[in-house]
Amino acid sequence: MGYIRDLSIQFLLGCTLTNWIKLLWQNRDKPIYWKSLPKFIYITVVIILLTPVRLIEKLLFDIKVKNTRIEKDPVFVLGHWRSGTTYLVNMLSQDEQFAVTNAIHCFAPNMFLTCYKPSTGF
């Protein structure tokens, strides 16, 4: 059961098919071990299945995103893990002038506008 759970949290699931192919090409000299083959197949299949959603997002939102004018300077919170950055982001998110990212934004940056309805007004 642990192996199935490990498959569901693969960070590469959010990459595009183009990036996946580039990554595989850049690492073509490295073997895919039998033990990793199910993970490789799973990631490849999910990326292929999500490609139409990414294309729809590109068609629907690409021009809008490119034409969006950012009026206020953004605030980026950077830090080392376990240093309190998540706590700081959680505190900043309580202020209505800030919009914060969530896991969907981070791991599926090229399809969250189509698949995810934001809970805040940004």
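Lys58, Asp62 and Lys66 are tied together in a network of salt bridges. This is a predicted model, so take the distances below as computed values. Asp62 sits in both pairs: its side chain meets Lys58 at 3.3 Å, N to O, and Lys66 bridges to Asp62 with the closest N and O atoms 3.5 Å apart.

How far apart are Asp62 and Lys58 in helix H3? They are 4 residues apart, which means a separation of about one helical turn. The story repeats on the other side, because Lys66 and Asp62 are also 4 residues apart in helix H3, again about one helical turn. As for exposure, Asp62 is partly exposed, at 25% relative accessibility, while Lys66 counts as exposed because its value is 63% and the cut-off is over 50%.

The full count is 3 salt bridges. Besides the two pairs in the network, there is one between Asp29 and Lys30. Here Asp29 is exposed, with a relative accessible area of 59%, and Lys30 is partly exposed at 48%. Here they are side by side:

| Salt bridge | Closest N to O distance |
|---|---|
| Asp29 and Lys30 | 3.5 Å |
| Asp62 and Lys58 | 3.3 Å |
| Lys66 and Asp62 | 3.5 Å |

Now step back to the whole chain. The protein has 6 helices and 0 strands, so to speak an α-α-α-α-α-α pattern when you read along the sequence. Of its 122 residues, 14% are buried.

Helix H3 turns up again on the nonpolar side of things. Ile41, Val45 and Leu49 make a nonpolar surface patch of about 280 Å². Val45 belongs to helix H3. Why can Val45 be part of such a patch? Patch residues need over 30% relative accessible area, and Val45, partly exposed, has 42% relative accessibility, so it clears that cut-off.

There is also some empty space to look at. The second largest pocket holds about 360 Å³, and 16 residues line it. Nearest its centre lie Trp20, Leu24, Ile32, Ser36 and Phe40. Which helices each supply at least two residues of that lining? Helix H2 (17–26) and helix H3 (37–67) do. Sorted by class, the lining has 10 nonpolar, 3 polar and 3 charged residues.

If you want a route through the model, start at Asp62 with its partners Lys58 and Lys66, move to the patch of Ile41, Val45 and Leu49, and finish at the pocket around Trp20, Leu24, Ile32, Ser36 and Phe40.

Terms used. Residues are numbered from 1 along each chain as its sequence is written. This is a predicted model: local features need pLDDT of at least 70, side-chain atom pairs count only at pLDDT 80 or more; totals for chains, interfaces and linings use all residues. Side-chain values use heavy atoms; hydrogens and water are left out. On a 1 Å grid over the protein atoms alone, a cavity is a set of points where a 1.4 Å probe fits but cannot get out, and a pocket is an open set with protein on both sides within 12 Å along at least five of seven lines; lining residues have an atom within 4 Å of a point. Grid points are joined across faces, edges and corners, and a volume is the space filled by probe spheres set on the points. Ala, Val, Leu, Ile, Met, Phe, Trp, Tyr, Cys and Pro count as nonpolar, Asp, Glu, Lys and Arg as charged, and the others, Gly among them, as polar. Patches are made of residues with over 30% relative accessible area and no salt bridge: like charges are joined within 9 Å, nonpolar side chains (Val, Leu, Ile, Met, Phe, Trp, Tyr) within 5 Å. Accessible areas come from the Shrake-Rupley method with a 1.4 Å probe; for residues, only the protein chains shown count as cover. A salt bridge is a side-chain nitrogen of Lys or Arg within 4 Å of a carboxyl oxygen of Asp or Glu. Buried means under 20% relative accessible area, exposed over 50%, partly exposed in between (1.4 Å probe, protein chains only).
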